[in-house]
Amino acid sequence: EEGRASLYKSVVSNSCKEMSCYSDFPFPEDYPNYVPNSQFLEYLKMYANRFNLLEYIRFKTKVCQVTKCPDFTVTGQWEVVTQHEGKQQSAVFDAVMVCTGFLTNPYLPLDSFPGINIFKGQYFHSRQYKHPDIFKDKRVLVIGMGNSGTDIAVEASHLAKKVFLSTTGGAWVMSRVFDSGHPWDMVFTTRFQNMLRNSLPTPVVTWLMARKMNSWFNHANYGLIPEDR
């Protein structure tokens, strides 16, 4: 449960109400416009119950082997061997989809941090992060200014004594609330905007986007202008 909640958080944290729900199952009327990860997880559970999806989902089940059936050239079927609570079983399916996930392997280059072996504090990868309570009254350094890093830094700032956010290459900080209060991607990702960006020279598009990003605050004042604009 915790793992799934963490996954949903990283993907849909602060999602917009109008864009994140399925068309055949709208959000409840009392949901806010920008849905926090906890409510989005509840929505996914409601969706699964509404369409009886849990009947077809096997949690905590390992796929051990996937092979073509002897008559695969005729039926196109696959034999799948799974393991649940130490017991293996085999089943035949008409199709198999292999979903490897995205950025699933944590990268923790400890060799790049001299003295880490005598560091008396706690360090861990963002994949292990679950709740900001562990940062209460501590000095926290978050390395990396991607989505996970900035989310953790913001949550930690409410409880920690001090929070530092480190970035080597800089980053554009974008507001999820865009013009007229609309979600950023609802305004940015349109046919007209794509046509406009594709018709203009790249340096002009880069300048326009950087100008928009700096309309919230001047990134140069915080040393955040990306090396690769």
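Student: In this predicted model, does Cys99 count as buried or exposed?

Tutor: The structure here is a predicted model, and the burial of a residue is judged from its relative accessible area. A residue is called exposed when that value is over 50%. Cys99 has a relative accessibility of 63%, and therefore Cys99 counts as exposed.

Student: Which cysteine has the sulfur closest to that of Cys99, and at what distance?

Tutor: A disulfide would need two cysteine sulfur atoms within 2.5 Å. The sulfur of Cys99 is too far for a bond from its closest cysteine sulfur. That partner and distance are Cys64, at 17 Å.

Student: Which cysteine sulfur is closest to that of Cys64, and how many disulfides does the whole structure hold?

Tutor: Cys64 is partly exposed, with 35% relative accessible area. The closest cysteine sulfur to that of Cys64 belongs to Cys69, 16 Å away, which is too far for a bond. A search over the whole structure gives a number of disulfides equal to 0.

Student: Which residues does Thr82 touch, leaving out those up to four places away in sequence?

Tutor: Thr82 belongs to strand β4, which spans residues 78-84. Its relative accessibility is 15%, so Thr82 counts as buried. With residues up to four places away in sequence set aside, the contacts of Thr82 are Thr61, Lys62, Val63, Cys64, Lys87, Gln88 and Gln89.

Student: How far apart in space are Val92 and Pro106?

Tutor: Val92 sits in strand β5, and, not counting residues up to four places away in sequence, Val92 touches Cys69, Gln77 and Trp78. Val92 and Pro106 are separated by 14 residues in sequence. From C-alpha to C-alpha, the distance between Val92 and Pro106 is 33 Å.

Student: What are the bounds of the domains, and how far apart are the C-alpha centres of domain 2 and domain 3?

Tutor: The domain assignment of the protein chain gives domain 1 as 17-93, domain 2 as 110-166 and domain 3 as 179-222. For domain 2 and domain 3, the separation of the C-alpha centres is 31 Å.

Student: What phi does Lys60 have, and where does this residue lie?

Tutor: Lys60 is placed in the loop between α3 (37-50) and β3 (62-68). With 80% relative accessibility, Lys60 counts as exposed. Although Lys60 is not a glycine, its phi is positive, at about 55°.

Student: What is the phi of Asp137, and is this residue buried or exposed?

Tutor: Asp137 is found in the loop between β5 (87-93) and β6 (139-143). Its phi is positive in a residue other than glycine, and lies near 60°. At 53% relative accessibility, which is over the 50% cut-off, Asp137 counts as exposed.

Student: Glu42 forms a salt bridge with which residue, and how far apart are the closest N and O atoms?

Tutor: Side chains of opposite charge can pair when their charged atoms come close. Glu42 and its partner are 3 residues apart in helix α3, so about one helical turn separates them. Glu42 is partly exposed at 39% relative accessible area, and its partner Lys45 is also partly exposed, at 30%. The salt bridge joins Glu42 to Lys45, with the closest N and O atoms 3.8 Å apart.

Student: Which residue meets Lys212 in a salt bridge, and how many salt bridges does the count come to?

Tutor: The side chain of Lys212 meets that of Asp179 at 2.8 Å, N to O. This pair links distant parts of the chain, since Lys212 is in helix α8 whereas Asp179 is in the loop between β7 (162-166) and α6 (184-188), 33 residues apart. Lys212 is partly exposed at 28% relative accessible area, and Asp179 is partly exposed at 37%. The partner is thus Asp179, and the number of salt bridges comes to 2.

Student: Which residues form the nonpolar patch on the surface, and about how much accessible area do they have together?

Tutor: The patch is formed by Phe192, Met195, Leu196, Leu200, Val204, Trp207 and Leu208. The elements giving two or more residues to this nonpolar patch are α7 (191-199) and α8 (202-213). One of the patch residues, Val204, lies in helix α8 and is partly exposed, with a relative accessible area of 34%. Together the patch residues have an accessible area of about 650 Å².

Notes: Residues numbered from 1 in each chain as written. Predicted model: local features only at pLDDT ≥ 70, side-chain atom pairs only at ≥ 80, totals over all residues. Heavy atoms only, no water. Helix = DSSP H or I, 4+ residues; strand = E, 2+ residues; numbered from the N terminus. Buried < 20%, exposed > 50% of the residue type's maximum accessible area, 1.4 Å probe, protein only. Contact = heavy atoms within 4.5 Å. Patch = residues over 30% accessible without salt bridge, like charges linked within 9 Å, V, L, I, M, F, W, Y side chains within 5 Å. Areas by Shrake-Rupley, 256 points an atom, 1.4 Å probe, with all protein chains shown as cover. Salt bridge = Lys/Arg side-chain N within 4 Å of Asp/Glu carboxyl O. Domains from an automatic or database assignment.
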